[in-house]
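Student: Please take me through this structure and explain how its descriptions are justified.

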Amino acid sequence: MTAKAGKFIAALLLGLTLSTSSLAAEPVTPGLTDKLSQLLQKEMRAVQAAMNAIHPAMVTGQHETVAENAQQIHDSFILQQELTEQDRKDLMSAVPKGFIELDKEFHKLAASLAEAGRKENTMEQRQIYSEMTRNCIECHGKYVSDRFPGVNLDKN
Ligand code: HEC
C-alpha cells in the first residue's frame, strides 16, 4: 500500500466512523453508481478467478501459485483503486460501515493467505481460505441479498 492510499483509507474510515450508518443490513447494490457497481463487479470477478485458482494449488502444495493469487486479491482492494473525490463520496453514502469493515477484513485475510503461501504452510492456508469463504458468504448474504437471495445465513 502506498502512503497516499493509506492516508486515503484512514480518512475514509474516520469519515465513516463519524457519520451515522444504519445497522440494518440492506442491499448496497441499488445505491451504487454505475461506475462503482462496475468497479466492484470487476473486482469480484477477479477475486472469484483467484479463489478458483488457489483451491487446486492449495490442495496440491503449489505454494507459489497460492501466494501469487492471494496477493492479487489483496492488491485489488477497491478502496485503493483510483477513485475520484466524487466516487469516494458516492461510495460512502452507498455502503454502511459494516460493509467497509468486511471488505477490509477480507483483504487482510488475503494478505495472510499470501504469507501462508510463501511460508509453505498448507494447514494455515486451509484455515484462511475457509475464513475468506465465510467473508464472501457474509457480505453477499447481508449486503447483496437482492442479487443473491439464495445465500442463507441461518445456521440450520
Ligand atoms: C465486503 C463485501 C463483499 C465480499 C467480502 C465479497 N463480495 Fe462478492 N460481491 C459483493 C457485491 C456488493 C457484489 C455485487 C456488485 C454489484 O452487482 O454491483 C458482489 C458480487 C460478486 C460476484 C458477481 C460478480 C458479477 O459479475 O456481477 C461474484 C462472482 C462474487 N461477488 C464473488 C465473491 C467471492 C468469491 C468472494 C470471497 C472470496 C466475495 N465475492 C467476497 C460484495 C462482496
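The exchange below concerns a predicted model and the reasons behind the terms applied to it.

Student: What makes the arrangement around the iron atom of the ligand octahedral?

Tutor: Six donor atoms surround the iron atom, and they subtend angles of 84 to 179°. Six donors count as octahedral if opposite ones are over 155 degrees apart and all others lie between 65 and 115; the arrangement is therefore called octahedral.

Student: Which residues coordinate the iron atom of the ligand?

Tutor: Met44 does so through SD and His140 through NE2, at 2.0 to 2.3 Å. Met44 belongs to helix 2 and His140 to helix 6, and the two are 96 residues apart, so described as linking distant parts of the chain.

Student: How do helix 2 and helix 5 pack, and which residues make the contact?

Tutor: Helix 2 (residues 34-59) and helix 5 (residues 97-118) meet at an angle of about 35°, their axes 14 Å apart, in a left-handed crossing. Leu40, Glu43, Val47 and Ile54 of helix 2 touch Phe99, Asp103, Phe106, His107 and Leu113 of helix 5. By class, six of these residues are nonpolar, one is polar and two are charged.

Student: Where is confidence lowest and where highest?

Tutor: Helix 1 (residues 3-18) has the lowest mean pLDDT, 62, and helix 6 (residues 122-143) the highest, 97. Over residues 17-24 pLDDT stays under 50. Where pLDDT is low, predicted coordinates should not be read in detail.

Definitions and conventions: Residues numbered from 1 in each chain as written. Predicted model: local features only at pLDDT ≥ 70, side-chain atom pairs only at ≥ 80, totals over all residues. Heavy atoms only, no water. Axes fitted to C-alpha atoms, helices over the stretch in contact; angles between N-to-C directions. Helix = DSSP H or I, 4+ residues; strand = E, 2+ residues; numbered from the N terminus. Left-handed = near helix turned anticlockwise from the far one by under 90°. Contact = heavy atoms within 4.5 Å. Nonpolar A, V, L, I, M, F, W, Y, C, P; charged D, E, K, R; others polar. pLDDT = per-residue confidence, 0-100. Donors = N, O, S within 2.8 Å, 3.2 Å for Na, K, Ca; no water. Tetrahedral: all angles 85-135°; square planar, octahedral: opposite > 155°, others 65-115°.
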